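Student: I should like to take a close look at a single part of this model, namely the place where its chains touch. Could you please guide me through it in one connected account?

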Amino acid sequence: MFDPVDDLIERIARHLRRPVQIDPALDARVMREITALPTPGGTAPLGKAWRWLRRPRQFTLTPLGGLAAVAAVAVVVLFSRMPSTPPAPGQIDSRAFQFILVAPRATHVSLVGDFNDWDATRTPMRRIGSDAPWTAVVPLVPGRYHYAFFVDGSRWLADPSAPVARDDDYGEPSSVLTVGGGS
Amino acid sequence: MGIHSVGTSDAALVRRVQTGDTGAYADLVGRYRDRLGRYALHMLGNREDAEEVLQDAFVRAYRSLARCDDPERFGAWLYGILVNRCRTAGARASRRARRFVHDPAALETAPQAGPDGRTEWDDTVRWALARLPPESREAFLLKHVEELEYEDMARLTGAGISALKMRVKRAREQLQTMLKEAERV
């Protein structure tokens with residue numbers, strides 16, 4: 001059946017779908033900019049390992065499974081130290097999670113999220129060299145956390161490989177980490 | 001996702017870039033330039049801003065290419081970067097407008113620029129699109145112009161499917177109202 005509203009919207013959409021020609025010189029401008037940059041992914045010493053590490057974001061922490069997850073991070077991220085102190089009484093269910101951000105040009109990065117009241121002074125991230133990723137280790141109990149990286153005191157950055165916080169419409173970008181509970 | 005590639009696959013090009021073949025990135029830029037440029041242009045309503053944002057998105061994507069976990073979906077990943085850059089640029093433009101536009105009424109009644117090949121319908125559509133709230137404009141363009149599924153839109157925008165459906169519905173209603181108004185004038 002003919003619907004005048006659908007017809008009008010379709011006319012608009014068809015009009016907007018027409019090809020748009022962007023200045024072809026844009027290609028040259030992009031290429032000029034990127035030639036000055038390092039090869040993406042080509043210089044990272046742990047390339048694939050970093051990507052593998054950064055992919056999973058859903059953790060289910062049964063006692064053994066949780067230990068395995070933490071151990072895997074510790075084994076691959078040889079440079080980082082896991083917390084050496086035992087968990088405080090009452091925090092026995094918490095596990096250490098390592099957050100990693102590749103931002104070679106940044107001079108200062110903080111991890112902010114629900115777990116530190118979004119306080120940029122509480123979890124500064126560290127790196128071992130100018131080309132190394134920024135890392136921070138945070139003990140977390142099971143739950144759902146929003147988090148983001150606060151770069152150079154002015155820029156919020158969501159984790160590009162983690163789920164975006166869906167209830168974060170037009171606010172600062174943030175990501176979601178779900179730490180599952182286990183028996 | 002409504003983003004497709006032909007010839008050498010995106011994944012193959014991405015891998016070549018990652019091994020140091022910068023020229024392969026030119027192929028990716030050429031492949032997506034006009035398609036993404038169309039979205040940026042409709043979203044921002046200004047060619048200069050759109051091209052600036054597009055260039056920025058391509059450079060950011062290159063910098064972050066190591067974090068593109070699924071090179072087969074490079075197009076969708078790049079699209080996500082562009083959508084975010086458009087949001088930032090749109091917010092900035094909105095702040096700029098608030099700062100400098102002192103007499104909106106006078107601007108609204110100001111004479112239009114002379115004929116430059118655009119039709120009256122073209123001007124009307126641009127005018128109506130520009131008056132939509134950014135989140136409605138974004139949802140409308142992704143759904144009706146880029147022809148994405150709601151699931152893909154949710155992945156790109158971070159908004160829930162119900163919220164996106166509502167935004168598209170509102171956009172359709174608002175466009176209908178505005179175009180009817182325009183026809184009466």
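Tutor: The account below begins with one chain, turns to the side where the chains touch, and ends with a pair of helices.

The model is a predicted one. Chain A contains four helices and seven strands. Along the sequence, the order of these elements is α-α-α-β-α-β-β-β-β-β-β. Chain A has 183 residues, of which 24% are buried. Among the contacts in chain A with a separation of 6 or more, 64% join residues that lie 24 or more positions apart.

We now come to the part you asked about. Here 39 residues of chain A are in contact with 40 residues of chain B. On the side of chain B that touches chain A, at least two residues come from each of α1 (10-18), α2 (23-44), α3, α6 (120-131), α7 (134-145) and α9 (161-184) of chain B. The element that gives the most to this side is α2(B), with ten residues. Sorted by class, the side of chain B that touches chain A consists of 17 nonpolar, 13 polar and ten charged residues.

Within this topic, one pair of helices from the two chains deserves a closer description. Two packed helices are described by the angle between their axes and the distance between the axes. Helix α2 (residues 25-35) of chain A and helix α3 (residues 47-63) of chain B have axes that come within 10 Å and cross at roughly 40 degrees. The crossing of α2(A) and α3(B) is right-handed. From α2(A), the residues that make the contact are A:L26, A:R29, A:V30, A:E33 and A:I34. From α3(B), they are B:E51, B:L54, B:Q55, B:F58, B:V59 and B:Y62. By class, the contact of α2(A) with α3(B) comprises seven nonpolar, one polar and three charged residues.

A pair of helices within chain B may be described in the same manner. The axes of α6(B) and α9(B) come within 10 Å and cross at roughly 135 degrees. The helices α6(B) and α9(B) are therefore oblique to each other, since an angle over 145 degrees would be needed to count as roughly antiparallel. The crossing in which α6(B) passes α9(B) is right-handed. In α6(B), the residues B:T124, B:A128 and B:R131 meet B:L175, B:M178, B:L179 and B:A182 of α9(B). The contact of α6(B) with α9(B) has five nonpolar residues, one polar residue and one charged residue.

Definitions and conventions: Residues numbered from 1 in each chain as written. Chains lettered and ligands numbered in written order. Predicted model: local features only at pLDDT ≥ 70, side-chain atom pairs only at ≥ 80, totals over all residues. Axes fitted to C-alpha atoms, helices over the stretch in contact; angles between N-to-C directions. Left-handed = near helix turned anticlockwise from the far one by under 90°. Contact = placed C-beta atoms within 7 Å. Nonpolar A, V, L, I, M, F, W, Y, C, P; charged D, E, K, R; others polar. Parallel < 35°, antiparallel > 145°, perpendicular 65-115°, else oblique. Buried ≥ 20, exposed ≤ 12 C-beta atoms within 10 Å, placed from the backbone.
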